[in-house]
Amino acid sequence: MKAVGEVVVVTGGAGGIGRALAERFHGDGAKTVVVADLDHAGAEAVAKAIGGAAFRCDVGNEAEVAALVDETERRFGPIGLFCSNAGIAAGFDLDADVASASNDDWARMWTVNVMSHVYAARTLVPRMKARGGGYFLITVSAAGLLSQIGSATYSTTKHAAVGFAESLAIAHRADGIRVSILCPQGVDTAMLRSLPRGPQSFDGVLTAGEVAAAASAGLERETFLILPHAEVETYMRRKIENYDRWIGGMAKLLKKTREGIG
Ligand SMILES: NC(=O)c1ccc[n+]([C@@H]2O[C@H](COP(=O)([O-])OP(=O)(O)OC[C@H]3O[C@@H](n4cnc5c(N)ncnc54)[C@H](O)[C@@H]3O)[C@@H](O)[C@H]2O)c1
């Protein structure tokens, strides 16, 4: 699919990858780009720069996601591309025991990194089915395919997001609904800058604009999996070829990361 002429929504659009997606799809000729974010002032600044619309929305709140979809379609028409991009990273600690994050942290990560996609699909799938199709671009992470050294909450919720995206793509393919997952490693955004340096940066950190360009190209190809870092495909193959060797390799990588090598 191409964004040209489409109504596009980008969650987490006030900064980072979301901002770059909003700018990219505007540049690709979208009819309207709706920039949705918890940070309303930030969303307004991005929307103003691209002639789009801003919406304050907490993607972890089902009613707010439904209102985002309702209001967008009422004002601008059917959403052709919904970019479910907002996500959070917390609990990065290379030395902590793996289940040590609090239940509140687990719940918050689950809500924002997984349920946000469920809420978007719950409100949009019936509409897209009725009109013969639509597109979801879900920003996940290479952590959802491999693992996130130093954060079990991030790794687990991103794996769950991949699982949900697969179900969405399988269950609604016959309805004309298409899905892509965007799975970069390190991207130079506020999120990455807030984390300790780790393996997510070892293959090089991309700009958000480079990731948005990869997303746009992936949408044109309509491939489910969009990998802005090409190395991730090799790592996925290694994981499948020999799971035990891969676990051992990741444990060594954790040790190296703790020792500050990389
Ligand atoms: N930066 C990376 O290295 C990297 C790598 C792989 C995947 N990702 C994923 O990319 C996505 C975007 O990350 P980023 O690096 O641009 O992060 P970022 O923190 O730079 O930007 C995220 C944006 O989302 C907004 N946001 C956060 N919680 C929200 C909520 N509940 N509702 C609405 N908006 C909310 C923030 O206000 C912010 O504008 C996330 O899903 C993240 O997990 C990031």
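Okay, let's start right at the ligand: a backbone N or O atom of G87 sits 3.4 Å from one of the ligand's oxygen atoms. Before I go on, keep in mind that this is a predicted model. N85 does something similar, with a backbone N or O atom 2.8 Å from a ligand oxygen. Then there's T189, and here the side chain is involved: one of its N or O atoms is 2.5 Å from an oxygen atom of the ligand.

How much of the ligand's accessible area does the protein cover? On its own the ligand has 830 Å², and the protein covers 89% of that.

So who's around it? The shell has 28 residues, and the closest are I17, D37, Y154, V187 and T189. If you sort the shell by class, you get 15 nonpolar, ten polar and three charged residues. Three helices each put in at least two residues: α1, at 16–27, α5, at 152–171, and α6, at 190–193. Which of them gives the most? That's α6, with three residues.

Now, the sheet. It's an open one with seven strands, and reading across you go β3, β2, β1, β4, β5, β6, β7, with parallel pairing. At the edges you have β3, residues 53–56, and β7, residues 225–226, each pairing on one side only. Over at the β7 end, two bridges join it to β6, residues 177–182, and the two strands run parallel. If you want to find one of those spots on screen, look at L182, whose bridge partner in β7 is I226.

Two helices I'd like you to look at pack on that sheet. Helix α3, residues 62–76, touches β1, β2, β3 and β4, and its direction makes about 155 degrees with that of β3. Helix α4, residues 103–131, touches β4, β5 and β6, and its direction is at about 165 degrees to that of β5.

Those two helices also pack against each other. In general, you describe a helix pair by the angle between the axes and the distance between them. For α3 and α4 that's about 35 degrees, with the axes 7 Å apart. On the α3 side the contact uses E62, V65, A66, V69, D70 and E73, and they meet Y119, A120, R122, T123, L124, R127 and R131 of α4. By class, that contact has six nonpolar, one polar and six charged residues.

That's what I had, thanks.

Note on methods: Residues are numbered from 1 along each chain as its sequence is written. This is a predicted model: local features need pLDDT of at least 70, side-chain atom pairs count only at pLDDT 80 or more; totals for chains, interfaces and linings use all residues. Side-chain values use heavy atoms; hydrogens and water are left out. Two strands pair if DSSP finds at least two bridges between them. Helices (H or I, at least four residues) and strands (E, at least two) are DSSP runs, numbered from the N terminus. Contact means heavy atoms within 4.5 Å. Axes are lines fitted to C-alpha atoms, for helices over the stretch in contact, and angles run from 0 to 180 degrees between N-to-C directions. A residue is near a molecule or strand if one of its heavy atoms lies within 4 Å of it. A polar contact is a pair of N or O atoms within 3.5 Å; within protein, one must be able to donate a hydrogen and the other to accept it, and residues adjacent in sequence count only if both atoms are side-chain atoms. Accessible areas come from the Shrake-Rupley method with a 1.4 Å probe; for residues, only the protein chains shown count as cover. Ala, Val, Leu, Ile, Met, Phe, Trp, Tyr, Cys and Pro count as nonpolar, Asp, Glu, Lys and Arg as charged, and the others, Gly among them, as polar.
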